[in-house]
Structure formats: C-alpha cells, structure tokens
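Colleague: Could you take a close look at one part of this model with me? I would like to follow its charged contacts and what surrounds them.

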Amino acid sequence: MSQLARSFQRLSLNNTFIDIQKVFIRGKAKYVEKPTTGHGVAFRRIIHFPEKYTVKPLNVTNLGGRDPQSGRLVVKGIGGGIKHKYHWIDWKRVGPKEGPPLVERVIKIIKDGCRTSNVALVASADKLKYILATENMKVGDLIKTSCHIPRIPVRANEGDAYPLGALPLGTQIHCVEKYPGLGGFLVHSAGTYATILRKAPNNHIVIMTPSKKEFSLPEECMCTVGRLSNIEHSSTPIGSAQKNRELGNRPRSGLWQRKTGRHGRKIRRPPPTKTIVAPNAEKIDEIIFSSDRYFVRTLRSQFHY
Amino acid sequence: MRKTPCLFRQHIGWHFQNHWKVQGRRRPLDTGIENILNEKGIQVENPREFLKEKVIHERVEVVGYKNKVTPQDKTHPNWHDQPLLTFKDNNVLLEGLPQAKMLTNSVEIKEGLPETVQLPEITKELNRRIKKVILGSKIFDAEQVKLPKVKDPERPAWNFPRSYGISQNRAYNLLFSKLLSVIESSSDLELVKQRYLTNNVNFSYSFEKNGDLVQFQLTGDFVLLSKTPLNPVTTQSTKEFDLPDLYPIKPTITLNEENIYVVEDTYPVKKGSPVYHPHTIFINFDKEVVKNLFEEEVTQSQIYARNLIKTFTAAASYAKALYGSNVKNLPTPVTLQAIQTDGKTFHFGILQLNTLDVDSKETKNVWYQTPGLPLFEKCGYDLGKPVLAGYNKDVVRHILAFYNSK
C-alpha cells in the first residue's frame, strides 16, 4: 500500500521545474595557464629548503618536467632516474671589507648527484657550508674570502673569493655575481671558467663567460678564483641509453635533424658586451581582474560562459 | 540571404576571450605617490583590507580530547636565548679526536694503553665458550627483522633484495651480556663480588667552554660499577703536552645548537650506594644511527672521538657528584675505562680525569686508546653453514684485563 502511495506521489505535478543546463560545457577544455621555460625556473625538481641554512642534504620532489602549480607538462624529455639529495650551496661568499681575509678549511669534496661539478664542504669557526669545488681543491686546503678591493691586484689561490676589481686581468674565475649581493650566479657547470678581460668605465670589469659572451659587471661583484672541478665531465660520453635514463632524461623527441643544418651554428657576429644593471628591488604585484571575461556583446554571446 | 553565416564565419567571441586572458591582468605603474604621501605624513592603506570583510573565527577549546602539543618556539617554558651546545648518542664531531681532545682538555702521553694494563693469557676452554657466545649473538638468535637497505655506489639503480636478520642493537646487547657472564664465571669470586653491572643509565655533564654552554649526554647501555674506584694510571706531568690546533675551526663545531633545554648534571648512582664508582662503560656504535650531519661516512678519528667524549661524560659527571660542582683540579684523579664496539671492531680507551677545568693550561686529562681491533673476520652463513672465521683472542684478553683492573 505504502509503495503505491509513494508512486502516486512521484506522479504529482509539484516538480514541473526541470533544471535545463543552458550551455552544454562538457568537452570544453578548461583554460589553464602554463608557465613558459627560460625564466630561471627549473622543472626537474623542487627542493624543500628549510628556513635556516643547513649542510644536511635536503629532500627533493622530482617534477618530471611538470609545473607544480598546474600539474601540466612544460618540458619534454625529463622524468625518472635516481633520486639524489640536494646539497644546499651557500652562494654568497661574504668576507671582511677591510683587514685580514676570512679563512676557511676544506673538509671534504663530495660528488653531488644534482649538479655536474663537485661540491666542497668547508668550515670556519663554528659554521659549515658547501661551495663549488675547484679543479685542484683538496681536503685540508685553506681558502680565503675578502670583500676589500686593494690598489694593487691580489695574488689569489684557487678557491679564494674576491671582488672582480681585486683580481688581475686574465684570471680564471667562476661563480660570478651579476650584481653585488646576489650571490654567485654565472659559471656553475663542471670544468668551466670565465676570464677577466679588461676594465670598463664606471668601475666596471668585463669578463668573458664560457659561451664566449662578454659581460660588463660592477667591480664589487664577488667571484671565486679557479676552474670548476670535474673537468672530464664534458668529454665523458653518457655511454648508454639506460645510463641516460638513470640521469633522469627520457628518450629524445626525434625531431633533431643532422643533415639539413637547421639546428647548426649560424654565422653571426658576436653580441656586444652586455652591461648588467641591478633590477629595481620593489616589483609591483600584478592585479588579476575578478571578471572572468571581457564584457562585450557579440552575436554569439549565449556561448560565453 | 541570411547575414549570420558570414558573420559567424569568424568566432569573434573567442578572440575577445583570448584577448581577456592578457588584458585581464594588469601591473599598475609605480608613480611614486606612496613615497610622496608618506613624506607628508599621510598613511597609505591597502584598499583590499577594507573591501574584504574580515572573518574572525572563534577558537573552541575542546577539553580532554588530546594532549596539547607544546610549540617548539619562544613560548616554550624551557626556552633560553643562549643556545646550549649538546653532544648526544647520535652525534659525531667534525674533526674527530683532535676536536674531542680540545673539548675535554685531554692529551695522549703515549700511544696505546698504559703499562698497568697487563693482557692475561686465556685458556682454550674460555676461547671455546667465547666463540659460542659470538655465534649465539650474531647467528643463532631467533630475531628476524628487516636489516638496513644495501646500496652499491657503482650501480645506484640496482635494488638488492631486503635481508632479514638480527638487528645491530640486539646483537650488541646479547654479545656483551653473554660475554660478561662468561668472564664473571671464569674470574675470581672475590673480584666478581666487587663489580656490579647496570643497564640503561643516563649520564649528563654540563660546562662552559670559551663562553659557550656545552652539555654532553650519554646513555650507558652497560655500565660496570665497582665498590672501589680505579687507581690513577699515571702521575706524569701533562703541562708540556700541547693540545692540537684546529685553525680556523672552533672546537664547538657540529655540536647541536638547542634553545629548548634543561641544564643538568646527572650521575645515575645514588650517593651512599655500596657500588658507587664507575669502572668500565660499554658504548654501542650503530652506524645506522650515529651519523654526520652532512650524511657522509663516519671516519675512524670520529669514532675515537666519540669514545673519548662518552668516557669524559661519565667520568666528569661522577667527579662532579663526588666532589661538588665547584671543584676544578680533582684531589685524586678519576680513572674510567671504555669499550666501544659496533659488534665486530672494538675500541678500548682509558681516561684519567685530572681536572674539570677544560681551559686549564697547567693540568690536563690523560687519554689512552687502542686502534680498532676486530673480534673476528667473518661471522655468518657460508653455503648454509654457520661460520666464525678469523677469531681474534686479543680482544677478549683486553676485555678481561679491563674487567680485572683495580
């Protein structure tokens, strides 16, 4: 009986309003903003940095070429491989402005899986930190750091950090700051070095990077003397496809053309020396308007959703 | 003709939509007005703070639901602004033995153990029993737990099958408890009556070094106590022996920096107890637990340093409990023996504590030690058969000498 009553209830005319979906949005792709490459953001891994500097190797999350915000694939050819812990390198070599330089001792040279050159663990007073190891650096070496620019260029040893202006012309350097206070930025790759070429007006120094490009930098920019370690890296073949997968690279796209010359070197004159200017510290935030579309009436406005 | 097919040929709405993706986000130009207004004393407020209504959520305290976790920050009742530098069971010192000598103001006046330690000859019967003890703790125990992962640095992608067996801690506990009972049963009864074995006791010793507050903590898995204190080993002056130079490193490097702490000096035995004096401490070295901060392998020198620091902790906490907290140069030196092992390699050390003043130039403490002595070469299964190969009886002779020393 009750079942019958319920079925009568269903037949009643109360629910005449049927929700009709006005616009059929199934199959319509949602717009997702994807970052573009080449802006100093890597899509290989994110590193979980703590607040305070530590020499404890840090945990990483491998991204496989994906943008961590949207989760979309940004870079092809990345994925898999052996997970390495990250050695947090202290890029800022800060020394005294005057007086004797800061002396540190090399404790250990460590092979780091997240970068090509080796990493050196150095200690002074009660602080430990990692820096990039140079070609001939060995355990027990004493390295110096000073921010003083003397009148006569200093005679620096490998691994020492000085401002560009304190070093003689022709010195091989690496880990060069782009502008004072940034921390070592240029020349990090295994076996590379930049060369101090000449002085430029406005207390600038011109250096030549491994790509043969010339940069004019303020003379207060700190740099480390010497050539980076693991020189044989560039001349060592990966060896096998499997080894390449262990390094976290996926198979090539197959689009590279050897014979057409399309991907080859172009004959152009070298770019002029680039003077680097420190960016304005304050950047105004972008405002995203709350409306999701342009307010415009078109003939097909019913399809705007 | 209808106009719409021509007009609809290009979907203008789509263009507007794409245009809006760019134009819907703007970065306003900085006119510098904020600085001008600030100079004139007019405060600039963010309009968003006024446009958006602030919702204040009321916090509801649920009573008796769960114990509240005390936040590890400045509100913690044990928070101090001056950090405490600690050395605990899992730490090692960066510079190893030289650094430990600097911290404890100790010198090595000769290599190896002092002449007072005479290694006794041991019988065949005792050797046979000790071999049984080693096999019993390393192979025949019934514990089966997952052992640490094995990695081959040459082939990092290769995953070895997980092996099961006796954990390091268990093997260590079994080895020492059985070894000591064998030694006790074969020693003179009057001597055994003098000794007393305790488990799981805590030592803690705090002091000041160059203005830094330092505290050493130690868990003694096995501590041998005695009715009479050990006699001093040497009366030689230590003034002419210099401490090592660590330039440019400070001796307190790689000690843990803690702001939440309680400064305490603990000696675990009650005063007035018949067995009050420490005789020998046994230290476990588990390489899965004791690690460098930078996760590199622990060096030989760091293992020696750990032995010295632990021995110093026990000896100094005893001296402080015995002579009071203000004493600097001890009226009679405190002597303590230490045996550190990872279950295979044994490190023996003897510390003669002359002073508690770690900055003293006149009197220094004296440290004797042996390099690592292996108890055996191999102890495991060979083609399914339990094998103990390369048994070294010198280790047992050392342990016996330590047990018998007065």
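Colleague: To begin with the layout, how far apart do the C-alpha centres of domain 1 of chain B and domain 2 of chain B lie? After that, please walk me through the salt bridges, with a word on the surface patches.

Modeller: Gladly! Please keep in mind that this is a predicted model. The C-alpha centres of domain 1 and domain 2 of chain B are 72 Å apart. Domain 1 covers residues 4–39 of chain B, and domain 2 covers 89–404.

Now to the charged contacts. Over all chains, the structure holds 28 salt bridges. One of them joins the side chains of Asp126(A) and Lys250(B), with an N to O distance of 3.9 Å. That pair crosses between chains: Asp126(A) sits in the loop between β4 (119–124) and β5 (127–132) of chain A, while Lys250(B) sits in the loop between β7 (212–226) and β8 (256–260) of chain B. The cut-offs for partly exposed are 20% and 50% relative accessible area. Asp126(A) is partly exposed because its relative accessible area is 31%, and Lys250(B), at 33%, is partly exposed too.

Another salt bridge lies within chain B, where Lys209(B) pairs with Asp359(B) and the closest N and O atoms are 3.7 Å apart. Lys209(B) belongs to strand β6 (residues 195–209) and Asp359(B) to the loop between β11 (345–355) and β12 (365–369), so this contact ties together parts of chain B that are 150 residues apart in sequence. The two partners fall into separate accessibility classes: Lys209(B) counts as buried because its relative accessibility is 5%, whereas Asp359(B) is partly exposed at 37%.

Helix α10 of chain B offers a local case. Asp394(B) forms a salt bridge with Arg397(B), and their closest N and O atoms are 3.0 Å apart. Both residues lie in α10, 3 residues apart, which is about one turn of the helix. Asp394(B) is partly exposed, with 31% relative accessibility, while Arg397(B) is buried, its relative accessible area being 14%. Coming back to the contact between chains, salt bridges that share partners link Asp126(A), Lys127(A), Asp212(B) and Lys250(B) into one network.

Helix α10, which spans residues 393–404 of chain B, also holds Val395(B). This valine is buried because its relative accessible area is 0%. The C-alpha atoms of Val395(B) and His347(B) are separated by 9.2 Å, with their positions 48 residues apart along the chain.

For the surface, let me start with chain A. Lys30(A), Lys34(A), Arg72(A) and Lys76(A) form a positive patch. Of these, Lys34(A) is found in the loop between α1 (2–11) and β1 (45–47), and its 47% relative accessibility makes it partly exposed. Val41(A) is also in the loop between α1 and β1 of chain A, and this residue is exposed, with a relative accessible area of 54%. From Val41(A) to Asn59(A) there are 18 residues in sequence and 18 Å in space, C-alpha to C-alpha.

Chain B has a nonpolar surface patch made of Val60(B), Val62(B) and Tyr65(B), which together have about 390 Å² of accessible area. Tyr65(B) lies in the loop between α4 (47–51) and β2 (79–87) of chain B. With 66% relative accessibility, Tyr65(B) counts as exposed.

Note on methods:
Residues are numbered from 1 along each chain as its sequence is written. Chains are lettered from A and ligands numbered from 1 in the order in which they are written. This is a predicted model: local features need pLDDT of at least 70, side-chain atom pairs count only at pLDDT 80 or more; totals for chains, interfaces and linings use all residues. Side-chain values use heavy atoms; hydrogens and water are left out. Patches are made of residues with over 30% relative accessible area and no salt bridge: like charges are joined within 9 Å, nonpolar side chains (Val, Leu, Ile, Met, Phe, Trp, Tyr) within 5 Å. Accessible areas come from the Shrake-Rupley method with a 1.4 Å probe; for residues, only the protein chains shown count as cover. A salt bridge is a side-chain nitrogen of Lys or Arg within 4 Å of a carboxyl oxygen of Asp or Glu. Lys and Arg count as positive and Asp and Glu as negative; His and the chain ends are not counted. The place of a charge is taken as NZ of Lys, CZ of Arg, CG of Asp or CD of Glu. Helices (H or I, at least four residues) and strands (E, at least two) are DSSP runs, numbered from the N terminus. Buried means under 20% relative accessible area, exposed over 50%, partly exposed in between (1.4 Å probe, protein chains only). Domain bounds come from an automatic or database domain assignment.
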